[in-house]
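Please look through the model shown here before reading the notes. The points are meant to be read with the coordinates open.

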Amino acid sequence: MRLTVDGVALEVPPGTTVLEAARSAGLWVPTLCFDDRLAPFGACRVCLVGVEGARGPVASCTTHCREGMVVHTQDALAGRIARNVVELVLSELPAPPAAHTELAQVAARLGLDATGGPAAQRWAGAVHEQSHDHRHPYLAFQHELCISCGRCVRACDEVQGAFALTATGRGFHANVTAGLGHGFAESSCVSCGACADTCPTDAITERFLVELEETR
Ligand code: SF4
């Protein structure tokens, strides 16, 4: 199957997504809910690209390549939507994401100010209240940093098969809980760490790191 991405001619096997094709050509496409260890989810709308003949930008992680497709990863409308989405995500956080997190790095690559400057003020409004859960012996939940990408829930289901995490709430109140709200002690968590490993914001991370930060 042949297509071009940003003018680069590619030949890919059937079933290849546009995101996979772009990355195989060394092109960067921003993502937040995507993890190549997990089934594509298509929720964050940050990986949008332009496709000639399409009515608008498409999510590259869930769109399969077609013969003769012409893809533009630098499509102006796709880029504008991605930047707005990431700015809105940032605007709901009570503090800028740590520099090492995937969210901070995606924001930087998109040319956004993730430090609470003018971009955050442009979308000024309610921010998540701090809510920490330290009931797990090794992991900490920092619920206020959850951006509802669903990666932890899917990692727990698809990688570990533990089904310990559940997405909860809607819109601004969307979040994740362990053990149907009774915490990790009541859940089927086996402490594999897959959720922390995939989290793009440190909403789930190693407990000792959070406790270390809290003592500073
Ligand atoms: S550490 Fe527990 S909650 Fe996280 S992915 Fe593994 S089993 Fe699921």
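The notes below go from the whole chain to its domains and then to the ligand site.

1. Status of the model. This is a predicted model, and the points that follow should be read with that in mind.

2. Overall make-up. Seven helices and 10 strands are assigned in the chain. Its radius of gyration is 18 Å, close to the 17 Å that the globule rule gives for 216 residues, so the chain is as compact as a globular protein of that length. Along the principal axes, the C-alpha atoms occupy a box of roughly 55 × 40 × 30 Å.

3. Burial and contacts. Buried residues make up 37% of the 216 residues of the chain. If one takes the contacts between residues at least 6 apart in sequence, 58% of them link residues at least 24 apart.

4. Domains. The domain assignment splits the chain into domain 1, residues 1–127, and domain 2, residues 132–214. Over C-alpha atoms, the centres of domain 1 and domain 2 are 24 Å apart. Domain 1 gives 19 residues to the contact and domain 2 gives 15 residues. On the side of domain 1 that touches domain 2, 14 residues are nonpolar, one is polar and four are charged.

5. The ligand shell. Which residues come nearest to the ligand? Of the 14 residues around it, they are Cys156, Ala162, Cys189, Cys192 and Cys195. Two elements each give two or more residues to this shell: helix 5 (151–160) and helix 6 (194–198). Helix 5 supplies the largest share, three residues. By class, the shell has 11 nonpolar residues, three polar residues and no charged ones. Cysteine is counted as nonpolar in this scheme, a point to keep in mind when reading the class totals.

6. Helix 5. The buried residues of helix 5 are Arg151, Cys152, Val153, Arg154, Ala155 and Cys156. Cys156 therefore appears twice in these notes, as a buried residue of helix 5 and among the residues that come nearest to the ligand, where nearness is judged from a C-beta atom within 6 Å. What do the buried residues of helix 5 pack against? Their partners are strand 8 (165–168), strand 9 (175–178), helix 6 and strand 10 (204–206). Helix 6 is thus a packing partner of helix 5 and also one of the elements that give two or more residues to the ligand shell.

7. After helix 5. Glycine 161, just after helix 5, has a positive phi of about 70°.

How values were computed. Residues are numbered from 1 along each chain as its sequence is written. This is a predicted model: local features need pLDDT of at least 70, side-chain atom pairs count only at pLDDT 80 or more; totals for chains, interfaces and linings use all residues. Helices (H or I, at least four residues) and strands (E, at least two) are DSSP runs, numbered from the N terminus. A residue is buried if 20 or more other C-beta atoms lie within 10 Å of its own, exposed if 12 or fewer, and partly exposed in between; C-beta atoms are placed from the backbone. Two residues are in contact if their C-beta atoms, placed from the backbone, lie within 7 Å. The radius of gyration is taken over C-alpha atoms; the globule rule is 2.2 Å times the number of residues to the power 0.38. Domain bounds come from an automatic or database domain assignment.
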